[in-house]
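Visitor: Please show me the model, and let us then discuss its surface and its interior.

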Amino acid sequence: MNKELVLKVIKTKPGKTAIVFIALSVFSLCGGFVDIANIGAGLFGCALFFVIGAVFFNKGKKEVENPASTSASVPGSSAPYTSAPIQPKFKPTKKVEKYFYVDEVNKQWCVPCSKESKAVYNFSDLLDFELIENGNTVTGGSIGRAIAGGLIFGERGAVIGGMTGKQKQTCNKLQIKITVKDLKHPALFITFIDFEVKKDGIIYRETIKSVEEIASLLQVIKSMNE
């Protein structure tokens, strides 16, 4: 084995580990000669560490000689390296609290709080979205523009639009449903309220701000696909 190959091997992760065990092997041998009474244990430790070091060194040698066959993983992922192009890393440039993130550079978005999916979607994956309160869907052809324009909320913050009948003065659940191009998870839900609150209370009023902001972002993204 030439010197150049050895230098390459010891630069690999297995090679560095091999050096550690070989060093331990030498220390064990030296310790055995210093303490004659424990020379047997020293020789055993020397042999054991040397064998382990040789195994790691051989693994490093294989990585150097056959880099394409190694199973090194992408940092933060269990998937091996492949020749496929690396996808751009999602970097949020816009965040609406914990509910909705947007990467304007790579034209992607995600719903980190969603129970249905943790995926990152492209702008083109967005098909539609709607507001749901107390199990009732706020419908209408211009629902997106209505929410984004702040027209969906009444004087007291109650949801209006396609809902009929007397408005409840409390809200038990408030969500935005997002439909995407994903057969496995075609619908994502952003849940803002999951317990009873008064519609004239501060919780409901502050939550509406986030709802309107997300709806505005979704409407802009949707308009890019039209």
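Visitor: Which residues form a nonpolar patch on the surface, and what is their accessible area together?
Guide: This is a predicted model, in which local features need pLDDT of at least 70, side-chain atom pairs count only at pLDDT 80 or more, and totals for chains, interfaces and linings use all residues. Residues are numbered from 1 along each chain as its sequence is written, and side-chain values use heavy atoms, without hydrogens and water. A patch takes residues with over 30% relative accessible area and no salt bridge (a Lys or Arg side-chain nitrogen within 4 Å of an Asp or Glu carboxyl oxygen), joining nonpolar side chains (Val, Leu, Ile, Met, Phe, Trp, Tyr) within 5 Å and like charges within 9 Å. With areas from the Shrake-Rupley method (1.4 Å probe, only the protein chains shown as cover), V20, L24, V26 and F27 together have about 370 Å².

Visitor: Is F27 buried or exposed?
Guide: Buried means under 20% relative accessible area, exposed over 50%, and partly exposed in between (1.4 Å probe, protein chains only). F27, in helix 2 (residues 13-34), has 60% relative accessibility and therefore counts as exposed.

Visitor: Which element gives the largest share of the largest nonpolar core?
Guide: Such a core joins buried Ala, Val, Leu, Ile, Met, Phe, Trp, Tyr and Cys residues through side-chain atoms within 4.5 Å. The largest has 28 residues, with F100, W109, I176, I178, I190 and I214 making the most contacts inside it. Helices (H or I, at least four residues) and strands (E, at least two) are DSSP runs numbered from the N terminus. The largest share of this core, 7 residues, comes from helix 5.
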